[in-house]
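Reader: I should be grateful for a close examination of one part of this model, set in the context of the whole chain. Please begin with a pair of strands and work outward from there.

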Amino acid sequence: MQTGKIGVTTENIFPIIKKFLYSDHEIFLRELISNAVDATQKLKTLASVGDFKGELGDLTIRVKVDRKKGTLTISDSGVGMTADEIDRYINQIAFSGAEEFLEKYKAQANGIIGHFGLGFYSSFMVSDKVEIITRSWQDGAKPVRWSCDGTPEYKIEDADREACGTDIVLHISDDSKEFLEDHRIEELLRKYCRFLPIPIAFGTEKEWKDGKEVDTGKDRIINETNPLWTRKPAELKDEDYQKFYRDLYPTQEEPLFYIHLNVDYPFNLTGILYFPRIKTNFDIQKNKIQLYCNQVYVTDSVEGIVPEFLTLLHGVIDSPDIPLNVSRSYLQSDSNVKKISSHITKKVADRLQEIFKNDREQFEKKWDDLKLFITFGMITDEKFYERAEKFALLKNVDGKYFTFEEYEKLVKENQTDKNKTLVYLYASDKDDQHSYIEEAKARGYDVLLMDGQLDPHFINTLESKLKDTRFARVDSDVIDKLIVKEDRKEVSLPADEQADLRLVFEGALPAQDHYWVSFEELGEGANPVVITQSEFMRRMKDMSAMSPTSSFYGSMPDSRNLVVNVSHPLVKSIIEAKSKQLSERLNEVNEKIKPVKAKVEELEKAQKGKKDDEIPQADKDALADAEKQLDKLEEERSTVLKDFGKNYKLVKQLIDLALLANNMLKGEDLSRFVKRSIELIKPE
């Protein structure tokens, strides 16, 4: 028997801490299974070159839990170790058996996961004592047992083991008893070892016989040793890809399509990425890509490896160029990772372009589901934007699809304004904005449908990319001001009449909302009253609503414009009724206002150009009193006009019709509108 101290020195302990002291203790099982796979792969390599002349036999790795003894055992039939190798690879932690082996058999050793021996020490995170019972593949090798209780003290002695291979026996500590539960071990095996290249058995298969469950005695293999991404695309069918997706994501809908990655230069990368069906709330769909290193699960947090917009994809990526101990700082600095990210972006763009080119009809059918991925990519990734310009589509309210180039040709002649700017009209809700869409169509304009979750941001991106182009939502102004073709004529209604009519309509507007009343000559055939909302302000609020932090625009109340068409006969009748019914009352107030206004102007003129201390207090008081009296009279005049608007049914009816056209008339206001409409309908 040999005893001694494990060779841990200041020089070689830091790589161990850096790479293998995990914050997540469950990783120990992945490390031990990975080592078992390494050992098995090594034996297969030795056999393939003729160094190992025995029968390989059953190479299944077995995992067993013994709750009575409090042990968890991982057994393999791999290369095993001699006492000397234990001393070199286990006791002297700084050495790596894999590096030595790879140097000797580098031509055949592509399947080696790497660093056999080092990850072994993660077992002490969950164990009071660890034993290794091993026998080397070499002729005449004797089986040995190594044991250690978590201190630098270890013991090596003779043992019994007929075939080559290794058993790792963990005596689970009291604070880690969860790892003696079958369901917990199965969960970890399926998480980390589901696609390892060597069969892994945990427990036995059971079947129902004569109304009860019986043990068949057959190993229950928990992994798929030859997963889909390791096979050649030429030998696979669509059904294989669909089945693999269902295995990975049992609760998800069928994917739109997939991309099979297979790269061997300038780095190694395989995998299958799927485009899932996502309409809204895409954040919950992230972290569905599983990252593997030679079929060993690493993580599902793939930011940095996959461009941000592609974290919405589902599937698997496997690369030996990404270490098992992947960290955020590593991802940010490693050049291979950056190349992988760039390559995945290119492959995705190429695949989309291929589908678009070969079957545009199918591409258009899937566009509504694809749009979220593509717009996200075009907003966040400059290179992807450049590639996507060829296949990204714009959809109009009639359900027709156009490439950017096609749409520009379609609308350029008719939708270019007097300043040579091409105006893309769009709607974000076909139903709510129906009347505005119809108005635009009546002018021969085309209207895009931009109702996607990211469209407010995407519109900004497009405006920055498309030359001499701007986007305007159809309800952001009256149609003649959205695309101004020539200098507009002034409103014929005098300024003082406009001021009075503004107060009339303000009197009938909903008190809780903010409206600016303006006047236009829209013609007798246009609506008498139209509600619009500033493109800039609304777009800023839309984008603020998507931001996790509050902003200046997000906290501002909604502000809309009430555009009154003074050409319309109904508006003209309101003007006439106002003059007829209020003429006498307004004249009375005006007569009171005139002398007070004249007095204010006289006092202001007398004080103009003087410093404050040069003006007698009596003059200051006189001006203040006069201004106060004027404000009161003007308020009285304003009240007369507002009360008229509030009580004149036609004013309220026209406002409610405009609100109704915007789907903004609800509840009690809608009930009043219906009742008023009945009252206003005169029988023939």
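Author: In this predicted model, strand 3 and strand 7 are paired in the antiparallel sense over 6 bridges. Within that pairing, Thr 71 has His 171 of strand 7 as its bridge partner.

Strand 3 covers residues 71-76, and 6 of its 6 residues are buried, so the strand is largely enclosed by the rest of the structure. Thr 71, Thr 73 and Ser 75 point one way from the strand, while Leu 72, Ile 74 and Asp 76 point the other way; all of these residues are buried. Strand 3 also pairs with strand 2 (residues 61-66), in an antiparallel arrangement joined by 5 bridges. Here Asp 66 stands opposite Thr 71. Thr 71 thus has a place in both pairings, opposite Asp 66 in the one and with His 171 as its bridge partner in the other. Strand 2 and strand 3 form a hairpin with 4 residues between them, and Gly 70 in the turn has a positive phi of about 75 degrees.

From strand 7 the path continues to strand 4. Strand 7 spans residues 165-172, and 8 bridges join it to strand 4 in an antiparallel arrangement. His 171 appears in this pairing as well, with Lys 129 standing opposite. Strand 7 is therefore paired with strand 3 and with strand 4, as the definition of pairing requires at least two bridges between two strands. Strand 4 is in turn paired with strand 5 (residues 144-148), in the antiparallel sense over 5 bridges. In that pairing, the bridge partner of Val 130 is Cys 148 of strand 5.

Glu 131 merits attention within this group of strands. Glu 131 is found in strand 4, which comprises residues 127-135. This residue counts as buried because its relative accessibility is 11%, and the cut-off for burial is under 20%. Its side chain is joined to that of His 171 by a polar contact of 2.7 Å. Leaving out residues up to four places away in sequence, Glu 131 touches Arg 145, Trp 146, Ser 147, Asp 167, Ile 168, Val 169 and His 171. Arg 145, Trp 146 and Ser 147 fall within the residue range of strand 5, whereas Asp 167, Ile 168, Val 169 and His 171 fall within that of strand 7. His 171 accordingly recurs as the bridge partner of Thr 71, as the residue opposite Lys 129 and as the side-chain partner of Glu 131.

The nonpolar cores provide a wider setting. The largest nonpolar core has 60 residues, of which Phe 275, Ile 344, Leu 352, Phe 363 and Ile 374 touch the most other members. Helix 9 (residues 360-380) contributes the largest share of this core, 8 residues. A second, separate core of 58 residues includes Ile 168, Leu 180, Leu 188 and Ile 200. Ile 168 is also one of the residues touched by Glu 131. In soluble globular proteins, nonpolar side chains tend to be buried together.

In the largest core, Ile 344 touches Leu 261, Leu 269, Leu 273, Ile 305, Val 306, Leu 310 and Ile 317, not counting residues up to four places away in sequence. Ser 341 lies in helix 8 (residues 335-358) and counts as buried at 14% relative accessibility. Apart from neighbours within four places in sequence, Ser 341 is in contact with Gly 304, Ile 305, Val 306 and Pro 307. Ile 305 and Val 306 are also among the residues that Ile 344 touches.

Elsewhere, strand 19 (residues 469-473) offers another case of burial, with 4 of its 5 residues buried, so it is largely enclosed by the rest of the structure. Strand 17 (residues 422-427) pairs with strand 19 in the parallel sense over 5 bridges. In this pairing, Tyr 426 has Arg 473 of strand 19 as its bridge partner.

For the chain as a whole, the secondary structure comes to 20 helices and 22 strands. Of its 684 residues, 48% count as buried. Among contacts with a separation of 6 or more, residues 24 or more positions apart account for 71%. The structure holds 0 disulfides; Cys 164 and Cys 293 count as buried, at 17% and 4% relative accessibility respectively.

Terms used: Residues are numbered from 1 along each chain as its sequence is written. This is a predicted model: local features need pLDDT of at least 70, side-chain atom pairs count only at pLDDT 80 or more; totals for chains, interfaces and linings use all residues. Side-chain values use heavy atoms; hydrogens and water are left out. A nonpolar core is a set of buried Ala, Val, Leu, Ile, Met, Phe, Trp, Tyr and Cys residues joined through side-chain atoms within 4.5 Å. Buried means under 20% relative accessible area, exposed over 50%, partly exposed in between (1.4 Å probe, protein chains only). Helices (H or I, at least four residues) and strands (E, at least two) are DSSP runs, numbered from the N terminus. Contact means heavy atoms within 4.5 Å. A polar contact is a pair of N or O atoms within 3.5 Å; within protein, one must be able to donate a hydrogen and the other to accept it, and residues adjacent in sequence count only if both atoms are side-chain atoms. A disulfide is a pair of cysteine sulfur atoms within 2.5 Å.
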